[in-house]
Amino acid sequence: LAWGGWAAARPARVTPLKLELARWPEALRGFTIVHVSDVHVGPTYGAARVEALVAQVNALDADLVAITGDLVDGTVRELAHAVAPLAKLKARCGVFFVTGNHDYYSGVTPWLAHLTSLGVRPLRNERVEVQLHGASFDLAGIDDAQGHKYAEGHGADLGRAAAGRDPSRPFVLLAHQPKQVVQARAHGVQLMLSGHTHAGQLWPFGYAVRLIQPYVWGRHKEPQGLEVYVSAGAGHWGPPLRLGAPAEIAHIVILPP
């Protein structure tokens with residue numbers, strides 16, 4: 001318990017990762033995505049820790065910041081002060097967010113509006129063109145796999161986000177749960193960023209996660225070239241404990257082949 005509490009209280013470690021993606025523009029060589037997931041802002045992860053997390057992210061000088069769900073455990077009324085530091089996040093091409101299951105438990109509609117007011121853009125089954133240095137790629141984000149259970153009109157639909165897309169363009173997807181890789185495979189995604197699992201959070205629970213999710217943590221390259229990165233999460237859920245699964249921020253550098 002002492003070791004797990006100490007580990008959960010430490011700042012998230014930065015995990016460096018270099019990926020080569022087919023069709024990635026030479027002009028975007030070295031494009032950086034800082035990937036943050038599963039912060040679980042709430043009773044045991046408050047404003048001071050969010051402020052420190054934002055400082056860590058900004059120090060990485062990202063081209064794009066991706067937040068892949070489970071940001072909060074509480075309502076906007078309860079946690080607006082705690083998430084206020086998110087307004088300080090900096091990235092040349094923007095800060096993007098997709099819903100996780102806990103965001104639905106916490107009142108998703110008010111949270112989507114509040115995050116927008118902080119400069120964090122939710123992607124709900126939609127695609128945007130990310131441009132830098134005269135080149136671009138497609139970035140899509142889909143609702144959490146359980147979203148249809150908790151809010152009318154919600155639910156993952158990558159087909160909607162990908163409709164009309166030029167298949168020759170690079171395609172990056174934000175999706176909270178690793179099992180949403182099924183949709184990624186079907187729509188030509190090259191890189192999918194996810195979270196949800198916390199890498200098990202407390203050993204040996206990672207083995208149980210494997211019964212539900214195809215991937216528990218880290219980088220996974222599928223036979224057709226799809227790269228998947230599953231974050232261990234920057235915070236924690238439930239008791240403030242981590243054992244054998246340190247919190248992380250992924251610093252992803254993308255290169256052409």
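How many nonpolar, polar and charged residues does the lining of the second largest pocket have? By class, that lining holds 12 nonpolar, 6 polar and 2 charged residues. Here Ala, Val, Leu, Ile, Met, Phe, Trp, Tyr, Cys and Pro count as nonpolar, Asp, Glu, Lys and Arg as charged, and the others, Gly among them, as polar. A word on the ground rules: this is a predicted model, in which local features need pLDDT of at least 70 and side-chain atom pairs count only at pLDDT 80 or more, while totals for chains, interfaces and linings use all residues. Residues are numbered from 1 along each chain as its sequence is written, and side-chain values use heavy atoms, with hydrogens and water left out.

Back to the pockets, and to the cavities too. On a 1 Å grid over the protein atoms alone, a cavity is a set of points where a 1.4 Å probe fits but cannot get out, whereas a pocket is an open set with protein on both sides within 12 Å along at least five of seven lines; lining residues have an atom within 4 Å of a point. Grid points are joined across faces, edges and corners, and a volume is the space filled by probe spheres set on the points. The second largest pocket has a volume of about 320 Å³. It is lined by 20 residues, and Ala199, Gly206, Arg210, Val216 and Gly244 are the closest to its centre.

The largest pocket holds about 470 Å³ of space. Its lining also counts 20 residues, with His196, Thr197, His198, Val209 and Trp237 nearest the centre. Two elements, H4 and helix H9 (206–209), give two or more residues to this lining; helices (H or I, at least four residues) and strands (E, at least two) are DSSP runs, numbered from the N terminus. By class, the lining of the largest pocket splits into 7 nonpolar, 11 polar and 2 charged residues. The loop between S9 and H9 contains Pro204, and the peptide bond leading from Trp203 to Pro204 is cis, with omega near 10 degrees.

Now for the sheet. Six strands form an open sheet in the order S6-S7-S8-S9-S11-S10, with mixed pairing; two strands pair if DSSP finds at least two bridges between them. Strand S6 (126–132) and strand S10 (218–221) stand at the edges with a single partner strand each, so one side of each has no neighbour in the sheet. Ignoring direction, neighbouring strands are turned by 20 degrees against each other on average, where axes are lines fitted to C-alpha atoms and angles run from 0 to 180 degrees between N-to-C directions.

Strand S8 (residues 171–174) pairs in the parallel sense with strand S9 (residues 191–194) over 3 bridges, and strand S7 (residues 135–141) pairs with S8, again in the parallel sense, over 4 bridges. Leu174 figures in both pairings: it stands opposite Leu193 in S9 and is the bridge partner of Gly141. Which residues of S8 point one way, and which the other? Phe171 and Leu173 go one way, Val172 and Leu174 the other, and all are buried, that is, under 20% relative accessible area, with exposed meaning over 50% and partly exposed in between (1.4 Å probe, protein chains only).

Helix H5 (residues 108–117) has Val108, Trp111, Leu112, His114 and Leu115 as its buried residues. These pack against helix H3 (76–83), strand S4 (95–97), helix H4 (101–105) and strand S5 (120–122), contact meaning heavy atoms within 4.5 Å. After H5 comes Gly119, with a positive phi near 90 degrees.

H5 also turns up around a cavity. The whole structure has 2 cavities of 30 Å³ or more. The second largest holds about 30 Å³ of space, and H5 gives the largest share of its lining, 4 residues. The largest cavity holds about 60 Å³; among its lining residues are Val36, Leu53 and Ile67. Helix H2 (47–59) provides the largest share there, 3 residues, and the lining comprises 10 nonpolar residues, no polar and no charged.

Finally, two backbone oddities. Most residues other than glycine have a negative phi. Arg23, in the loop between strand S1 (13–20) and strand S2 (31–36), has a positive phi near 70 degrees. Asp38, in the loop between S2 and H2, has a positive phi near 50 degrees. Arg23 counts as partly exposed because its relative accessibility is 40%, whereas Asp38, at 0%, counts as buried.
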